[in-house]
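Biologist: I'm new to reading protein models. Could you walk me through one, feature by feature?

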Amino acid sequence: MKKAILAVSFGTSHADTLEKTIGAIEADLAAAFPDRQLFRAFTSGMIVKKLNRRDGLAIRTVSQALEALAGEGYEDVVLQSTHVINGEEWDKLRAQAAPFAGQFHRLSFGMPLLTGIEDYRAVTEALLSRLPGPEPGTAIVFMGHGSEHPANAVYAILEYMFHDLGRRDIRVGTVEGYPGFEEVSRRLQEAGDVKRVRCYPLMVVAGDHAKNDLAGEEPDSWRSRLEAQGYEVRCILEGLGEIPEIRAIFVDHAQGAVEEENHG
Ligand code: CO
């Protein structure tokens, strides 16, 4: 039986971070499942079009990829999401894949990064293993994407868990959802003694949002706004996909999908 694993990412038009993040996750998936051929798809139609127009790259959407796999005779396909939350892009992925279910012997789904409570534990542990320990006067801020999707609640839970683990110096905010910059900034002030802030993206790829909304020179970036409030700011632009322990969680989720199908 021809088997495939389709790594499905939001996508990025920043070539420098693409291979370090999405490419690294795909490489780990390929290594973990040597019996499956690895393929790439992006859920962002906008990015697929941009890469095609600008770089002549032909990256497939989920529908295009599944159509091609069915045409090439693949019968057993695992779709592994590399999204952070079970949000809009995950819903879109499922909706785009649904019509293809009948074209494969098995079509199974590996969950996004932050799905179950054990994922929160694994993600906080992975991040804590990379971070410096708590330092007086220094706070750590993570910037997630955020949205109006119900799954947006994960960001607040993640901060709650950091605090439960004794890291009350860590704040989690989002660019496009709640908590946003205002809430992060207010909580930094409430801490009273914060002078320095280390900022990290909480996104698989350190692309547009990380480079511009977080660390950009424009006056509305988080860096500029925090600096205007008197903090000394350092931005560390490492995408989650660059962290081996985070990639291992995606591999684990793919393993879950494979096992589920064996029992199905
Ligand atoms: Co965005």
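Modeller: Gladly! Keep in mind that this is a predicted model. Let's begin with a pair of facing residues: Leu6 stands opposite Leu79 in E3.

Biologist: Which strands pair there, and in what sense?

Modeller: Strand E1 (residues 3–9) pairs with strand E3 (residues 76–81) in the parallel sense, over six bridges.

Biologist: What is the order of the strands in the open sheet?

Modeller: To read a sheet, go across it from one strand to its neighbour. Here the four strands come in the order E2-E1-E3-E4, with parallel pairing. Strand E2 (37–42) and strand E4 (106–110) each have a single partner strand, so one side of each is left without a neighbour in the sheet. From one strand to the next, the twist averages 20°.

Biologist: Which helix lies across E1, E2 and E3?

Modeller: That is helix H2 (residues 22–32), which runs at about 150° to E2.

Biologist: Now the metal. Which residues are the protein donors of the cobalt ion?

Modeller: For a metal site, look for the atoms that reach the ion. Here they are NE2 of His145 and NE2 of His209, lying 2.1 Å from the cobalt. His145 sits in the loop between strand E5 (138–144) and helix H7 (154–164), while His209 belongs to helix H9 (residues 208–214), 64 residues apart.

Biologist: Why is His145 called partly exposed?

Modeller: Its relative accessible area is 29%, and partly exposed covers values between the buried limit of 20% and the exposed limit of 50%.

Biologist: And which residues are closest to the centre of the largest pocket?

Modeller: Of the 31 lining residues, Phe10, Gly11, Glu89, His145 and His209 are the closest to its centre. The space in this pocket is about 830 Å³.

Definitions and conventions
Residues are numbered from 1 along each chain as its sequence is written. This is a predicted model: local features need pLDDT of at least 70, side-chain atom pairs count only at pLDDT 80 or more; totals for chains, interfaces and linings use all residues. Side-chain values use heavy atoms; hydrogens and water are left out. Two strands pair if DSSP finds at least two bridges between them. Helices (H or I, at least four residues) and strands (E, at least two) are DSSP runs, numbered from the N terminus. Axes are lines fitted to C-alpha atoms, for helices over the stretch in contact, and angles run from 0 to 180 degrees between N-to-C directions. Contact means heavy atoms within 4.5 Å. Donors are N, O and S atoms within 2.8 Å of the metal (3.2 Å for Na, K and Ca); water is not among the atoms, so sites may look incomplete. Buried means under 20% relative accessible area, exposed over 50%, partly exposed in between (1.4 Å probe, protein chains only). On a 1 Å grid over the protein atoms alone, a cavity is a set of points where a 1.4 Å probe fits but cannot get out, and a pocket is an open set with protein on both sides within 12 Å along at least five of seven lines; lining residues have an atom within 4 Å of a point. Grid points are joined across faces, edges and corners, and a volume is the space filled by probe spheres set on the points.
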